[in-house]
Amino acid sequence: MRTGVRGPADPQGTAAAEFAAWAGPSLLAMKRLARRLAPHADADDVVQDALTRAWQKRAQFDAERGTSTTWLLAITADQARAARRTRTRRLRVVDDSAELPESATTDTGTDVDLERAIDQLAERQRLAVNLHYFVGLSVDEAAAVMACSPGTVKSTLFDARARLRTILGGDDDH
Amino acid sequence: MTTDEQMDARLRAAGEGWRAASAQPPGVEATNLAGSDVHELIAPPAKSGRNKILVGLSAAAVVALGIGLAVGLAGRNSNGPKPAVASGSGAIEQVHWQLATIDGTAGDYGSTLFVDGDKIQLNDGCNSGSGSGTVTDSTLEFRDIAITAMGCPGARGESSARVDRILVGTVTWSVDNGTLTVTKSGVGTLTYRAAPPEKSGTDPALLTGTWTLTGIEHNDGNTSSGSGSTSSGVTLTFTRAGAFKLASRCEAYEGSFTAQGRSIVFSGTHGTGPGFCTVPDAAQAGKVLGGRARYEIVGRRLDLTQGAATLTFTATR
């Protein structure tokens, strides 16, 4: 249970502190990915769930197979996917057709048309686009998150760009 | 029409602009938690009208690091107590306990406790969590508990905070006439009553019935992917005769199974269906239903794990 009191001899406190140090540098990227993949959900909730899951599964992390950030982002993507699907189901149930996507209008200077187009991409394409362009990962890092090869990420990004060009169509005079 | 290069540039510009706009979300301070005071990070949640204590990224970190809470008490005998589940006239383990009183005051606190071996699941009435612990015939030690960190306003928030203050470190417990009494010396006492029996444990007989697929997760070393399939419509039915059937609106996988302890062995698995219709979740799940797997039932939840894949089901009423 929660406690605000922890003595120096507390082994779990030490473990939590070590986990904090380990996960800390990845938090901003996790939050960004959560916001990108599940814009209608509370990004803090998504990150919270991801971190909790990461803590529970921390023994499975293998430093030889990837970085802490890519591992945590993979878990974040999972949690965001679940949050997004929950939202989708809710929208279908209530036929909330008047509710427009908010992601395109929440940030100053957002390329609204592009955001709406990204929202229409297939899941893997959207993940690749968000990881690479918006979270700012390299292709290799995105590949680690997506559990595929860098070449696959490149082809997925290529397909995504082609799809975006199609969606944006002729009025794409950006 | 734009070229691929132009689209790439547009995406880069959009991404850079977005990152710049979101570089420092409200509440975010430095993300270097290494030097943070964990005592502060896991402080009890503030009460908030928004019913949530999370504000920005740093708070999200709080939640994560409110992990490992339940502190093992300093000075505790590290040799470990002998495993025991029963005290007095009853057992603490594998019973879904519902909080009935806090320091003698009865109420509908919505708090629960479930102990199964070294696994503990709890809900303080506001937040839920799980982790590990050690149970002896008179004490229960909470360790390594990951718990959510929502803030609940009003009476629920107050009662959950009282529960939290008691369920820390090592507590004493006893069961008498279906009532579990948990006492934290000098802090307070909780009494729980056994909830109506649910399926829990690894008794093969508990598998019998129909389960609905709610999630598929793949864990491959450093990567994890999965799907939330709450509305998958994929069901798995076990019969007492040892047959199973995984069915979707399209296909089905059938065969026989034997279960012992935490292991279940699927054999003779074969697919049936029209052939032109596939439900991805069912196809993925079908791959797990062959050979040896591990299973666990907690409450209404069934986890089936084979290799890196875990299927999660919920009991169908």
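## Close-up views of chains A and B

**Figure 1. Helix α4 of chain B and the strands it packs against.** Helix α4(B), residues 154-166, has 13 residues that should span 18 Å at 1.5 Å a residue, and its end C-alpha atoms are 19 Å apart, which agrees; the expected span is 1.5 Å times one less than the number of residues. Helices (H or I, at least four residues) and strands (E, at least two) are DSSP runs numbered from the N terminus. This is a predicted model, in which local features need pLDDT of at least 70 and side-chain atom pairs count only at pLDDT 80 or more, whereas totals for chains, interfaces and linings use all residues. Residues are numbered from 1 along each chain as its sequence is written, while chains are lettered from A and ligands numbered from 1 in the order in which they are written. The buried residues of α4(B) are B:Gly157, B:Ser159, B:Ser160, B:Arg162, B:Val163, B:Asp164 and B:Ile166, where a residue is buried if 20 or more other C-beta atoms lie within 10 Å of its own, exposed if 12 or fewer, and partly exposed in between, with C-beta atoms placed from the backbone. These buried residues pack against β3 (97-102), β9, β10 and β11 of chain B, and two residues are in contact if their C-beta atoms, placed from the backbone, lie within 7 Å.

**Figure 2. Two successive hairpins in chain B, formed by β9, β10 and β11.** Strand β9(B), residues 170-176, pairs with strand β10(B), residues 179-184, in the antiparallel sense over five bridges; strands pair if DSSP finds at least two bridges between them. B:Ser174 stands opposite B:Thr181 of β10(B), and the hairpin leaves two residues between its strands, with B:Asn177 in the turn at a positive phi of about 55 degrees. Strand β10(B) also pairs with β11(B), residues 188-194, in the antiparallel sense, here over six bridges. In this pairing B:Lys184 lies opposite B:Gly188 of β11(B), and among the three residues between the strands of the hairpin B:Gly186 takes a positive phi near 80 degrees.

**Figure 3. Helix α8 of chain A and its buried side.** Helix α8(A), residues 150-168, has 19 residues and reaches 26 Å from its first C-alpha to its last, close to the 27 Å expected at 1.5 Å a residue. Its buried residues include A:Val153, A:Thr156, A:Leu157, A:Ala160, A:Arg161 and A:Leu164. They cover an arc of only 140 degrees around the axis, which puts them on the same side of α8(A), the arc being that of the directions from the helix axis to the C-beta atoms. On the other side of the helix, A:Gly151 and A:Thr166 are exposed. The buried residues pack against α5 (112-119), α6 (123-135) and α7 (139-146) of chain A together with α1 (4-21) of chain B. Following α8(A) comes A:Gly169, with a positive phi near 55 degrees.

**Figure 4. Packing of α7 and α6 on α8 in chain A.** The axes of α7(A) and α8(A) come within 8 Å and cross at roughly 100 degrees, where axes are lines fitted to C-alpha atoms, for helices over the stretch in contact, and angles run from 0 to 180 degrees between N-to-C directions. That makes α7(A) roughly perpendicular to α8(A); angles under 35 degrees count as roughly parallel, over 145 as roughly antiparallel, 65 to 115 as roughly perpendicular and the rest as oblique. In this contact A:Val139, A:Asp140, A:Ala142, A:Ala143 and A:Met146 of α7(A) meet A:Pro150, A:Thr152, A:Val153 and A:Lys154 of α8(A). Helices α6(A) and α8(A) pack at about 100 degrees with their axes 9 Å apart, and they are therefore roughly perpendicular to each other. Here A:Arg124, A:Gln125, A:Ala128, A:Val129 and A:His132 of α6(A) meet A:Val153, A:Thr156, A:Leu157, A:Asp159, A:Ala160 and A:Arg163 of α8(A).

**Figure 5. Helix α2 of chain A and the loop that holds A:Gly24.** Helix α2(A), residues 27-37, is mostly covered, since eleven of its eleven residues are buried; among them are A:Leu27, A:Met30, A:Leu33 and A:Leu37. A:Gly24 lies in the loop between α1 (11-23) and α2 of chain A, and A:Gly24 is buried, with 21 other C-beta atoms within 10 Å. A:Gly24 and A:Ser68 are 44 residues apart in sequence and 9.9 Å apart in space, C-alpha to C-alpha. Chain A as a whole has eight helices and zero strands, and 47% of its 174 residues count as buried.
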